[in-house]
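Here are some exercises to work through with the model open beside you. Try each task before you read its solution.

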Amino acid sequence: MTGASSGLGQAFARHYAGRGANIGLVARRGDALAAFAAELPGEHLPLPADVGDTDALARAAEAYLTRFGVPDIVIANAGVSVGTLTECSEDLPAFERVMRTNVNGMVASFQPFVEAMRRRGSGRLVGIASVAGIRGLPGAGAYSASKAAAIAYLESLRVELRGSGVRVVTLAPGYIATPMTAVNKYPMPFMLQADEAARRMAKLIDAGRGYAVVPWQMGVVARVLRALPNPVFDALFARAGRKPRGLPL
């Protein structure tokens, strides 16, 4: 599991550790990761790595495979978010970092496990997208684009693995109470606590759902947003709240 040192990643880890799973915990902050792993019941493997570093992820995957074998579930949860504006040259590195983490990092998280799962004929590859990928939100071009790309990538992967026994699960959460959303200064409807979000998502993972929005109320919102004509959408969201720029990534 990537992004395991805080927020939804920690909530997923607590949930699956409670079910007796042996978890490979991937995150950049090695000290925080080790401390968290020590709090969990059972045997787990802290794997400090940046998901933007494909070689580091490959080494982490090899360490998990050597210790525990082929996992039943891989959750690509790592993600970063920051406000961005195309007109600002200083935001170009943020665009690159967001895409590298949220899209390329997801691919690199799955790649070491796909063939082994296919040979075994079972497994779950779970990608955490976002309702922000449904339509492009102002001031969030990098994040919206990365999550839209993640949704399309996961759909491609799902079709590629059809009939193999390996299920690809796309989860598009709305607002979850995590450090990522704590900096937002605008209303966030239907917000879930991280542990509740993880519990709901785990049910969908168990069911092998191809695509789901969590909570269901945000799924209704997502369907409405998809259906809005561009002029209506543009008028409604032109003055929407925006995530701060310049956040650390």
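**Exercise 1.** At 23% relative accessibility, does Phe68 count as buried, partly exposed or exposed, and which of these words fits?

Solution. Start with the ground rules: this is a predicted model, where local features need pLDDT of at least 70 and side-chain atom pairs count only at pLDDT 80 or more, while totals for chains, interfaces and linings use all residues. Residues are numbered from 1 along each chain as its sequence is written, and side-chain values use heavy atoms, with hydrogens and water left out. Next, the cut-offs: buried is under 20% relative accessible area, exposed is over 50%, and partly exposed is in between, using a 1.4 Å probe and protein chains only. With its 23%, Phe68 is partly exposed. Tyr64, at 10%, is buried.

**Exercise 2.** Work out how the rings of Tyr64 and Phe68 are arranged.

Solution. First, place the residues: Tyr64 and Phe68 both sit in helix H3 (residues 54-68), four residues apart, or about one turn of the helix. Helices here are DSSP runs of H or I with at least four residues, strands are runs of E with at least two, and both are numbered from the N terminus. Then get the pairing rule: rings of Phe, Tyr and Trp (its six-membered ring) pair if their centres lie within 6.5 Å, and planes under 30 degrees apart are stacked, over 60 edge-to-face, and the rest tilted. The structure holds three aromatic pairs. In the one made by Tyr64 and Phe68, the ring centres are 5.1 Å apart and the planes meet at 50°, so the pair is tilted.

**Exercise 3.** Do the same for Phe233 and Phe237, then find what lies over the face of Phe233.

Solution. The Phe233 and Phe237 pair is stacked, at 4.6 Å centre to centre with 25° between the planes. Both residues belong to helix H9 (residues 230-237), where being four residues apart puts about one helical turn between them. Check the accessibility next: Phe233 is buried at 5%, whereas Phe237 is partly exposed at 22%. Finally, look over the ring of Phe233: Arg135 lies over its face, 4.2 Å from the ring centre. The test for that is NZ of Lys or CZ of Arg within 6 Å of the ring centre and within 35 degrees of the ring normal.

**Exercise 4.** Trace the four-stranded sheet and find its edge strands.

Solution. Strands pair if DSSP finds at least two bridges between them. Following the pairings gives an open sheet in the order S3-S4-S5-S8, with parallel pairing. S3 (73-76) and S8 (211-214) are the edge strands, as each pairs on one side only. From one strand to the next, the twist averages 20°. Now zoom in on S3 and S4 (residues 123-128), which pair in the parallel sense over four bridges. One spot to check is Ile73, whose bridge partner in S4 is Arg124.

Then add the helix: H4 (residues 92-120) lies across S3, S4 and S5 (166-173), and runs at about 165° to S4. Axes are lines fitted to C-alpha atoms, for helices over the stretch in contact, and angles run from 0 to 180 degrees between N-to-C directions. Contact means heavy atoms within 4.5 Å.

**Exercise 5.** Find Ser122 and list what it touches.

Solution. Ser122 is in the loop between H4 and S4, and is partly exposed at 28%. Leaving out residues up to four places away in sequence, Ser122 touches Met117, Ser164, Gly165 and Val166. Take Ser164 from that list: its C-alpha is 7.3 Å from that of Ser122, although the two are 42 residues apart along the chain.

**Exercise 6.** Compare the span of helix H1 with its expected value, then see how covered H1 is.

Solution. H1 (residues 7-18) has 12 residues and reaches 17 Å from first C-alpha to last, close to the expected 16 Å. That expected span is 1.5 Å times one less than the number of residues. H1 is mostly covered, with nine of its 12 residues buried; among them are Leu8, Phe12 and Tyr16. Just after H1, Gly20 takes a positive phi of about 90°.

**Exercise 7.** Locate the cis peptide bond and a residue other than glycine with positive phi.

Solution. The cis bond joins Val214 and Pro215, with omega about 0°. Pro215 is in the loop between S8 and helix H8 (216-227). For the positive phi, go to Phe190, where the value is near 60°. Phe190 sits in the loop between H6 (179-182) and S7 (192-193), and is partly exposed at 40%.
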